[in-house]
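Q: Hey, can you walk me through this protein? I'm new to reading structures.

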Amino acid sequence: MPGAVIHEADSLASLYEVVEANSDADLLFLDLHMPGVSGFSALAYMRNNHESLPTVVVSAVDDPAVIRRAIQHGASGFIPKSSPIRTIEAAIDAILQGEVWLPDNIDLGAGGLDNEEARIAAAMSALTPHQFRVLMMLGEGLLNKQIAYQLGVSEATIKAHVTAILRKMQVTNRTQAVLAVQRLNTKEPGLVE
C-alpha cells in the first residue's frame, strides 16, 4: 500500500500509546497473543473504546470457533497468518471499504459468545486504560506491590484501581476478576487452556 504509515506496538502498554497517538489511523491489526493480553480481552476493550477504528485480528490460530468469537467481539476481520499475500491484500482492501472479511468457509451462525462472555466483555469496556492494564497484570499473577513498581505508581493507587475493577466487573475478589477475564481466552468458554 503506497504511502501507508505503519506504527507498531509490542505490548498492551505500547498498544494504548500507539492508538492514542494516532487517533486518525485507518486500521488496527491485533494479535490475540500480544504480551500483556489475555485472549479477546484487548479486542473487546479496543472495540468498545475506539469504535471508529476498524480492528482486524491477525492470528496463527485459524480455528473457526475462534474466528466467530473474534467477529462477535467486534473485529472487522480475521486474517490467518498463514494466508498468502494476495489474500491479505484483498482482506485489507475489503475491510478498508467497510466490509467484514473472513477466511473462506467460515459460518458465523454456528455458535459464538454466551451471555456471560458478552457480559464480561461489556463490563471490561467500562474500565479505564489504567484499570484494564492492572487487570491484565492481575491475570499474570502479579501482586499489588509488583504492579505498582512496574507502573511507577503507589501501591495505594493500585488498590484503588483494583477496587474499581471489582466493582465494574461485578465480582467480589481478584480471583473472580481473573477468572472472568479467562472466559475471554481463545479457547471455547469453559475449556482450560
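A: Sure, we'll start with the whole protein and then look at some parts of it. This is a predicted model, so local features need pLDDT of at least 70 and side-chain atom pairs count only at pLDDT 80 or more, while totals for chains, interfaces and linings use all residues. Residues are numbered from 1 along each chain as its sequence is written, and side-chain values use heavy atoms, with hydrogens and water left out.

Q: OK, how many helices and strands are there in the protein?
A: There are nine helices and three strands. Those are DSSP runs numbered from the N terminus: H or I of at least four residues for a helix, E of at least two for a strand.

Q: And what pattern does the protein follow along the sequence?
A: Reading along, you get α-β-α-β-α-β-α-α-α-α-α-α.

Q: What's the radius of gyration of the protein?
A: The protein has 17 Å, which agrees with the value near 16 Å for a compact globule of 193 residues. That radius is taken over C-alpha atoms, and the globule rule is 2.2 Å times the number of residues to the power 0.38. The C-alpha atoms fill a box of roughly 50 × 40 × 25 Å along the principal axes.

Q: How much of the protein counts as buried?
A: 44% of the 193 residues. Buried means under 20% relative accessible area, exposed is over 50%, and partly exposed is in between (1.4 Å probe, protein chains only).

Q: Let's zoom in. Which residues of helix α7 are buried?
A: In α7, residues 144–151, they're Asn144, Ile147 and Ala148. Seen down the axis of α7, the buried residues fall within an arc of 100 degrees, so they line one face of the helix. The arc is that of the directions from the helix axis to the C-beta atoms.

Q: Why would residues a few places apart point the same way?
A: An α-helix has 3.6 residues a turn, so residues three or four places apart point the same way.

Q: What's exposed on the other side of α7?
A: Lys145 and Tyr149.

Q: And what covers the buried residues of α7?
A: The cover includes α6 (129–139), α8 (155–169) and α9 (174–182). Just after α7, Gly152 takes a positive phi of about 70 degrees.

Q: New topic: is Ser41 buried or exposed?
A: Ser41 is buried, with a relative accessible area of 0%. You'll find Ser41 in helix α2, residues 41–49.

Q: What is Ser41 in contact with, leaving aside neighbours within four places in sequence?
A: Met124, Phe132, Met136, Val181 and Leu184. Contact means heavy atoms within 4.5 Å.
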